[in-house]
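This report goes through one structure, element by element. The sequence and the coordinates come first, and the text then takes up the strands, the core and a few single residues.

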Amino acid sequence: MAATLFHIKALCLLLPLLFVHGLAQINFFRNPFSSQFSGEGLLNGNGQDQSQRTNLFPFNFPFNFPFIGRPSHSNDHDAYEDREPAPRRTPADDSDHNPQLDPNARPDFSTDFKGSWDLVSKNSGVSGMHIILLPNNKLIMYDASAFHISDIKLPNGQCVPFMDKRSNKQMTDCWAHGVEFDIDTAKIRPLKMVYDPWCSSGGLAVDGSLVGTGGWDNGIKTVRYFKPCDTCDFNEYQTTLADPRWYATQITLADGGFMVVGGRRAYTYEYVPPPGKFNNKNAKYFLPLLDQTTDLDENNLYPFVYLSTDGNVFIFANNRSLLLSPKTNNVLRELPVLPGGARNYPASGMSALLPIRLDLNPAVPPPAEVIICGGAKNEAYGRAGRGTFIPALQDCNRITITDPKPVWKTETMPSQRVIGDMLILPTGDLLLINGAKAGTAAWFFADNPNLVPVLYRPDAPVTQRFTELAATDIPRMYHSSAAVLPDGKIIVAGSNTNPGYNYTAKYPTELRIEKFSPPYLDPALAKWRPELVKESTATELSYGSMFEIVFKLKGLRVRNGDIKVTMYSPPFTTHGYSMNQRMLILEKDMVVRTSRGMYRVVATAPPSGVVAPPGYYLLFVVHRGVPSEGIWVRIK
Ligand SMILES: [Cu+2]
């Protein structure tokens, strides 16, 4: 028996998830763990003449007080009637409706606007496989050095030497595999990465730097740092981690430090040491969950990990989850199994920690609720390998992880989705975007792109939570990404389901960058959009302290219940999962009108690093569903 289990495990370990099933005839990889990748067979295997392709793959790789202040008069030049728009949200008459809604809040402004798309760059140089927004409003994106190709060269004739394992020859790679993307001008600056970040993990450090972990090949134990500055480049420490971390998850802890969880063949987690220090081989903790949830096709990589509001860490892999104490490194308890299929790579579903409500009941700790949507049947990867793309999962599931007896509550999305992205909007609503309706993650393993983003309102009555939005015409398949920008738009990047860069494939390597404007950016709602006054708003916050926010909002009587203050930590997004994504809805005092069109509100900063790890956040004021532009604040 043990021997058989060993063999089953050994087999699953050897399945690289890249192209095992039925793709043997496309003999373009040998053993992924010995780095013997070759692109040659792929191109030939597709029956195309490599020499005639413009595609580039040259080497081998592998929330009612009336407002205070002057009442609004009809002779105010800028006053217009405080019209009551048709309620978009119905009263809380639904048994499953979240009871935490502010009873004094008026409904969000109604809009029929389904959003709009803008192409903001035709060429990002590097396909946005991994992206993160830094506090200097630059987006860092990178894919893989394994490809030895991109569409932008390193500056100043720099090249990185590498050993081509197939030819056993020393070669040079002069392509950049990372770029800094200016979200306002779309200008790109090439970045140099020596150690391969392919399918890696990351997060934003307390000082606003990017800290990336793991990757592949020579980058599999690497920790890389990038400071937000116009001339900075990566600072890499190649062999920092105790275990190889390919397809691992990195999360921020209450002290601002990082934990890295899982990865291929790594049934452990570890804590990221300070820059320049190294974890010895024992500086890791075995996590049986990761071992036990490894399907034949894995389905448990890039586990969904969240720092809960009680200080424990929630780890979800495949269809099971647990709570772990990062203080004692003990597993506290396991949560109920989530039925219906697999949720993690390559059955990549979407997940988020729902907004943490600090605005209603200053209960300590506030409840924490996780949502997991979509994914694939356990067998979907294998079936995709045999050329059958079976429909992705269509359910959404919520669980309150701080509940001593938590249960999953299931809903149905308007469409199936796998390899999609789930972002928390400045309003606290969620956006489901990118991905496919069939298949799984991994090269060539998905079809039927899901071009229609979906808005999910977690606090709305069950029957009114999902809204389908305006479709894009660019498929965003495997290795695509999305991020919330300070102006409330969503930047959408990447999609590369090809080994290397291939511009003629059915789903080509995508270098185009789009911005999606969610419904709250309806031009008809612009007059109701608050504007934060940065100079009069506190940006350095201390835990639990009150701070002042000043905003402009012309010509409208604002009631206390109309305003919500939110704080968002920008995630590191890759493979359909936004690590460290966290939204806080702050407790606030009365909204005071200080002069015509000017308001002041005093909010209370989150109570602790457990609720809100230290570092940078985007602060928004939300007026009945219409968010201001965000400003960067820092809490410690
Ligand atoms: Cu990948």
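## Strand β43 and its partners

In this predicted model, strand β37 (residues 563-569) and β43 run antiparallel and are joined by six bridges. Within this pairing T566 stands opposite F620 of β43. A second antiparallel pairing links β43 to strand β45 (residues 631-635) over five bridges. There, L619 has I631 of β45 as its bridge partner.

β43 also pairs with strand β44 (residues 626-627), again in the antiparallel sense, over two bridges. H623 and V626 of β44 are bridge partners. The hairpin of β43 and β44 has two residues between the strands, and R624 takes a positive phi near 45° in it.

How many of the residues of β43 are buried? Nine of the nine are, so the strand is largely enclosed by the rest of the structure.

## The nonpolar core

The largest nonpolar core comprises 166 residues, and those with the most contacts inside it are L423, L432, I490 and I491. Strand β43 (residues 615-623) supplies the largest share of this core, seven residues. In soluble globular proteins, nonpolar side chains tend to be buried together.

For I491, the contacts outside its neighbours within four places in sequence are L139, I183, A482, A483, L485, I513 and K515. Over the protein as a whole, 53% of the 636 residues count as buried.

## Secondary structure and two open sheets

Four helices and 45 strands make up the secondary structure of the protein. One open sheet has four strands in the order β25-β26-β29-β30, with antiparallel pairing. Its edge strands, each pairing on one side only, are β25 (421-424) and β30 (466-468). From one strand to the next, the twist averages 20°. Inside this sheet, strand β26 (residues 430-433) pairs with strand β29 (residues 454-456) in the antiparallel sense over three bridges, and L430 stands opposite Y456 of β29.

Another open sheet of four strands runs in the order β12-β13-β14-β15, and the pairing is antiparallel. β12 (249-252) and β15 (285-286) are the edge strands, each of which pairs on one side only. Four bridges hold the antiparallel pairing of β12 with strand β13 (residues 258-261). T252 has F258 of β13 as its bridge partner.

## The hairpin of β4 and β5

Strand β4 (residues 160-164) pairs with strand β5 (residues 169-173) in the antiparallel sense, over five bridges. P161 stands opposite T172 of β5. Four residues lie between the strands of this hairpin, where N168 takes a positive phi near 60°.

## Two buried residues: G203 and P366

G203 is placed in strand β8 (residues 201-204). Why does G203 count as buried? It has 28 C-beta neighbours inside 10 Å, and the cut-off for a buried residue is 20 or more. Beyond four places in sequence, G203 is in contact with V211, Q250, I251, T252, F258, F572, M579 and N580. Among these contacts are T252 and F258, the bridge partners from β12 and β13. F572 is 369 residues from G203 along the chain, yet the C-alpha atoms of the two are separated by 5.3 Å.

P366 lies in a loop, the one between β21 (356-357) and β22 (369-373). This proline is buried, with 23 other C-beta atoms within 10 Å. Not counting residues up to four places away in sequence, P366 touches T309, I356, R357, L358 and V611. I356 is 10 residues from P366 in sequence, and the C-alpha atoms of the pair are 7.0 Å apart.

## Confidence

The mean pLDDT of the protein is 86, and 83% of the residues reach 70 or more. Over residues 1-101 pLDDT stays under 50. For that stretch the model has 164 contacts beyond four places in sequence. Where pLDDT is low, the predicted coordinates should not be read in detail.

Note on methods
Residues are numbered from 1 along each chain as its sequence is written. This is a predicted model: local features need pLDDT of at least 70, side-chain atom pairs count only at pLDDT 80 or more; totals for chains, interfaces and linings use all residues. pLDDT is the predictor's confidence in each residue, from 0 to 100. Two residues are in contact if their C-beta atoms, placed from the backbone, lie within 7 Å. A nonpolar core is a set of buried Ala, Val, Leu, Ile, Met, Phe, Trp, Tyr and Cys residues joined through C-beta atoms within 7 Å. A residue is buried if 20 or more other C-beta atoms lie within 10 Å of its own, exposed if 12 or fewer, and partly exposed in between; C-beta atoms are placed from the backbone. Two strands pair if DSSP finds at least two bridges between them. Axes are lines fitted to C-alpha atoms, for helices over the stretch in contact, and angles run from 0 to 180 degrees between N-to-C directions.
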